[in-house]
Every structure is written in C-alpha cells, then in structure tokens.
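Got a few minutes to walk through a model together? Here are some questions a bench biochemist might ask, each with a worked answer.

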Amino acid sequence: MAASDLLDPRAATHNTKPRLSFSTKPTSRSPREEHEAIGSVMKWKTVTVIFVLVVLYLVTGAVVFKSLEQPHESAQRLAILAQKLEFLSTHPCVNHSQLEDLVKQVVSTIRSGGNPSGTVISETSHWDLSSSFFFAGTVITTIGFGNISPHTEGGRIFCIIYALLGIPLFGFLLAGVGDQLGTIFGKGITRVEKMFVKWDVSQTKIRVISTVLFILFGCLLFVALPAAIFKHIEGWSALESLYFVVITLTTIGFGDFVAGGSEIEYLDYYKPLVWFWILVGLAYFAAILSMIGDWLCVLSKKTKEEVGEIRAHAAEWTANVSAEIKETRRRVSVEIYDKFQRAASIKRKLSSDLGLAPAVENAFPRRTVSVNFVDERELDTDGGVTALPKNGRAFMNGVDTERDTISFIEHLS
C-alpha cells in the first residue's frame, strides 16, 4: 500500500491497514463484521498483562524521577530556610509569623497567575483578551498548563460548563484537521514514491521510507522549527524549548514553561498564534499516535493468527504421532502373537516326533488360555491332538475359528 493510501482517509475507507489519520465519519458494518469486531475485543488476560506492564513502567519512572528530583527539592528547602533565617537576623523588627504570612501571600499570588516580583504599575495582566484566549484554548485542548486558573466562583462554574461543551467540539475539529493534514502529506509523499518506483525499489521499502519521511518532516515542521522560535522569543535554552514543545503537544502541560508567560512585551497576536500552532501540532501528534496504535493492532492480529497456525500444526502433529504409536503397538502385538503361534506349533511337532507328552504351552498374554481334559475316546490312535467339535464348531490346531480363542488339549500319559 502506498503512502497516499495510508495518509488519505478517503482512500482508506475499505482498507484494513493502518493509516496516519483518523476520521469521524460513521461507518456501517455488516453482521459478519460486527461479529468479527466483537471477537476482536481484547481479552482480560491481555488487559491484565498490559496493566502489569504499565504499572511496572510507572514504578520505573517513579524510581528514576525520585532519584533525579528529590535531592534538588531538598536543596531548595534548605536554601529557602537559610534565607529566612538570614532575613530574620538582619531585620529584627520582623518576627517569624509576619514573614510566614508574607510568604503565603507570595505563594497565593503565584498560584493565581501573578508575578510577585513586579510592581502594580509595570505588571501586565494575565487576564487580558490575548491571555484569556490562550487560557480558553488550553481548556478545550485539555492541556491545562496551570500557570493561571480561575479563582472566583463564577469563573469556576463557567469553566466547568465551557470545558464540557468545548472539549467535544475541539475533538471534531482535531479529527478534521488530522484528516486534511494526512491528505496533504499523502499527496507530497506520493510524488516521492513515484521516484522510488522508477528506481525499481521494493514496495516494502517504499512504505518504510514514506513513513519515515512523514515523521521526519512533521517533526521538523511542528517540533524543531517552533522550538527554535520559542528559544529566540522566550529566551529559553534549546533543551527548555524542546521540552516545552513536546510537553505541550502531548497534552501533558506541566506549566513550568509557558509561551507568553515571561515578563516581556509580547505582540497581541503572539498567544493566539501559539494556540493555532498547538491545534495543528496536536493533529499531527494524533495522526502519529493513531498510526502507531493501528500498526500495533495489525501486529497483534498477525501474531494471533500465527499462534493459531502453530497450535493447529501442533495438534495435527500430536494426532499423527498418536496414530503412529497405536499402529506400531498393533503391529508389534500381531507379530508377537504370530511368533507365539509358530513357537507353539514347532514345540508340538517336536514333542510328537520324539514321542513326548507336550506340556501346557503359554499363549499370547492378551488371549484367553483354556485347557480341555478329554477322555481316551477323543484321542486318535497316535496319542496326539485331534480337532474336537465344541458347540458345533471345529477347533483346528488349538484355535477357535470364530472366537479366536486358543485351546490346548493335553494328552495325559
């Protein structure tokens, strides 16, 4: 499948392979497809395994973050404590309770979005039209940086209603932008694929190259370039800029770095432009995550099919081995039975030639052995064994021709 099929939602309508975007158009499925969809529901065992893996992943992350961040936190606590003690010793007119009240007020101001280091005259508002637009965008995108938040009852009530209505609306917008973005990328990559087809490149390599090109170009356009812009405007380092871009586009939004949150003069359209970048970047990241999820589903389905084939071959091999063992046991039993019969016949013949009384012979272990004692009238003149009728049937050479029962007639000298 070409990259245009992967990236264009219209071309992927009847395609079971994963694509790089998603659509909100309803699809109708036949009863067979519904049954297959129900049968493809993840089993509880699989869910449990994934849950255990996620928990282990969380525990690993917790251990790493604890080892990296806890020493820094302890150092900061000791530093602020030392500064408090130094301030109280330098300014004896201020007691400890007054200093703590001031610190609490500073913390409250920071949590409400204010900057306690500025003055009332020079400080810009965090709730002007541009900042309010950016805040509303972080609400419906579920990023929620946390650098500013409503503190009035009316603001909190409105924020609840606004989020419940705006988040689904933004979801539809994000789906549409993702589809259009995938279509645009698909048209561009289709031209690249035509070049590789002329060079007689295999279809598998073309798919891999197309996917890599899509990811690299998207990262360059939505990650590297914005990071360079934020580094120049906000005065961050390269790592801080890249950190902000990734944390924002993955909707984590810690709020420790926020575009437009510094004490510098921004253009009025700066924050709205940042929000539009977030919209397109989220669509791109959603397409990438959707592609990864679809490929994992395809891989899981193929793995299940391969496991089913292995089980079928194993069951067939087991049945063949069991049948071969049964056939071997039957052949061995028949051969042993025939050898016992031949040995008994030879022994009887030797006893007859030597004029000796034949002893009771052991028959095949799975057969019924019986000994008939007859009187002398049933013996032939040579004193040997003769065929005797039993219930109208003849016993020839000690073998019942109907019941396959071995009978030995012993002549008592």
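Q: Which residues are buried in α7?
A: Keep in mind that this is a predicted model. Buried here means under 20% relative accessible area. In α7 the residues that fit are I206, S210, T211, F214, G218, F222, V223, P226, A227, F230 and E234.

Q: How far does α7 reach from its first C-alpha to its last?
A: Helix α7 runs over residues 203-234, which gives it 32 residues. At 1.5 Å a residue you'd expect 46 Å, and the model comes close to that. The reach is 45 Å.

Q: Where is the kink in α7 centred?
A: The helix isn't straight throughout: there's a bend of about 35° in α7. Look for its centre at L220.

Q: Which residue just after α7 takes a positive phi?
A: Helix α7 covers residues 203-234, so look just past that stretch, as helices are numbered runs from the N terminus. The phi there is about 80°, and the residue is G235.

Q: Is V55 buried, partly exposed or exposed?
A: V55 lies in helix α3, residues 44-90. Along with V49, F51, V52, L53, L56, V59 and V63, V55 makes a nonpolar surface patch of about 720 Å². Its relative accessibility is 33%, so V55 counts as partly exposed.

Q: Is S131 buried or exposed?
A: Find S131 in helix α5, residues 129-140. Leaving aside neighbours within four places in sequence, S131 touches S125, H126 and K271. With a relative accessibility of 5%, S131 counts as buried.

Q: How many salt bridges does the structure hold?
A: One of them pairs R77 with E73, and another joins R330 to E327. R331 also forms one with E327. The structure's total is four.

Q: How far apart are the closest N and O atoms of R77 and E73?
A: Both residues lie in helix α3, four residues apart, about one turn of the helix. R77 is exposed because its relative accessibility is 56%, while E73, at 37%, counts as partly exposed. Their salt bridge has its closest N and O atoms at 3.0 Å.

Q: What is the N to O distance in the salt bridge of R330 and E327?
A: R330 and E327 sit three residues apart in helix α9 (residues 270-354), about one turn of the helix. R330 is partly exposed, with a relative accessible area of 46%, and E327 is partly exposed too, at 31% relative accessibility. Their side chains meet at 2.8 Å.

Q: How far apart are the closest N and O atoms of R331 and E327?
A: Being four residues apart in helix α9, R331 and E327 are separated by about one helical turn. R331 has a relative accessible area of 36%, so this residue is partly exposed. The closest N and O atoms of the R331 and E327 salt bridge are 3.7 Å apart.

Q: Which residues are linked in a network of salt bridges?
A: Start from R330, which meets E327 in a salt bridge. Then note that R331 also forms a salt bridge with E327. Put together, the network links E327, R330 and R331.

Methods:
Residues are numbered from 1 along each chain as its sequence is written. This is a predicted model: local features need pLDDT of at least 70, side-chain atom pairs count only at pLDDT 80 or more; totals for chains, interfaces and linings use all residues. Side-chain values use heavy atoms; hydrogens and water are left out. Helices (H or I, at least four residues) and strands (E, at least two) are DSSP runs, numbered from the N terminus. The expected span of a helix is 1.5 Å times one less than its number of residues. The bend at a residue is the angle between axes fitted to the seven residues ending there and the seven starting there. Buried means under 20% relative accessible area, exposed over 50%, partly exposed in between (1.4 Å probe, protein chains only). Patches are made of residues with over 30% relative accessible area and no salt bridge: like charges are joined within 9 Å, nonpolar side chains (Val, Leu, Ile, Met, Phe, Trp, Tyr) within 5 Å. Accessible areas come from the Shrake-Rupley method with a 1.4 Å probe; for residues, only the protein chains shown count as cover. Contact means heavy atoms within 4.5 Å.
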